[in-house]
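User: I'm new to this one and would like to learn how to read it. Can you walk me through it?

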Amino acid sequence: MDYDNLSKIRAQVALYTNRKTSNVLDGDFTSIFRGRSLDFDDLREYAYGDNIKDIDWKSSSKTGKILVRRFIAERKHNILFVVDTGKKMIADTSQYEEKSEIAIDAFGTIAYLVDKHGDDFALMQDTDSGIDFSYFKSGAAHFENLMTRCRQNIGRDGKKGVRGLLDYISDSIRRNMVIVLVTDMAGMNEIDEKILRKITVNNDLLVVNIDDAYMYGYDVYDVEKQRYEDDYTSHRERLYRAEWKDRTDRYNRLEQLYRRYGVSIVTVAKESEIIDRVVELFERHRHENIG
């Protein structure tokens, strides 16, 4: 367990508790969320990730299918974190900080707030051993376990990618959720209009974009090819300006596409801005999609 990292997240959040983050998760989202309350709603077939305590064994024995009880909850949410993986996530950001550390801290910060709010949350990642998908739970032990799993998985290359995970979610998970995707520009580019339409029918999607380093500079290292870029190429300001324009244009196009489906995005490039970007993400989602 990385207790130093956990302590850092708790300390950062504590600094903002009486300011911006105190009510960041309060209020309704656009979807209708279900969780535990005293109001029983209906039964549905068990889906991977459901809490076994919700299984209705009597009804299951009658129907021959494993059924779980659903309850109506006005303020309790199901939060699914999808954190991107692979070699690209061990590169640097434009502010010369490690993308993997920013991704883990962004996930941990939101998960910590979610847990304090009393919501159930789960983690899904694509790894070389397949999809790593936790149960939906809450509590400090669950939070710490997912933080450890996230760190262990983040550098492992999987086969499905971001789009494959979202496809799996929309086809296999029968619950309404707030999905928090932590990825980068390459991951955002995988998501086309078709998958956006599928995933946002019953879910809210929020995206944390981890900013990429530019090719311009000294000792520019390509983590995919495992080599340093040619100094002549990486020192050309003209290349930097062209890359900056291309990246800005692509981001703006993606943002316009995502906005049509009620998806909010923020970009994070360094650790010190994580809290502000997290608050901005939820406030933007609330104001742009709910009013």
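User: Which strands does helix H3 lie across?

Analyst: One thing to know up front: this is a predicted model. To read a helix packed on strands, look at what it touches and at the angle of its axis. Here helix H3, residues 99-117, lies across E3, E4, E6, E7 and E10. Its direction is at about 175 degrees to E3.

User: And which strands does helix H5 lie across?

Analyst: Helix H5 (residues 161-172) lies across E3, E4, E5 and E6, at about 135 degrees to E4.

User: In what order do the strands of the open sheet come?

Analyst: Read a sheet from one side to the other, not along the chain. This open sheet has six strands, ordered E5-E4-E3-E6-E7-E10, with mixed pairing. At the edges sit E5 (130-133) and E10 (264-268), each pairing on one side only. From one strand to the next, the twist averages 20 degrees.

User: Do E3 and E4 run parallel or antiparallel, and how many bridges join them?

Analyst: For a pair of strands, check direction and bridges. E3 (residues 78-83) and E4 (residues 120-127) run parallel, and five bridges join them. Within that pair, Phe81 stands opposite Leu123 in E4.

User: What about the whole chain: how many helices and strands are there?

Analyst: Step back and take the overall tallies. The protein chain has ten helices and ten strands. It has 291 residues, and 49% of them count as buried. The accessible surface is about 14700 Å², with 47% belonging to carbon and sulfur atoms. Among contacts with a separation of 6 or more, 76% come from residues 24 or more positions apart.

Conventions: Residues numbered from 1 in each chain as written. Predicted model: local features only at pLDDT ≥ 70, side-chain atom pairs only at ≥ 80, totals over all residues. Heavy atoms only, no water. Helix = DSSP H or I, 4+ residues; strand = E, 2+ residues; numbered from the N terminus. Buried < 20%, exposed > 50% of the residue type's maximum accessible area, 1.4 Å probe, protein only. Contact = heavy atoms within 4.5 Å. Areas by Shrake-Rupley, 256 points an atom, 1.4 Å probe, with all protein chains shown as cover. Pairing = 2+ DSSP bridges. Axes fitted to C-alpha atoms, helices over the stretch in contact; angles between N-to-C directions.
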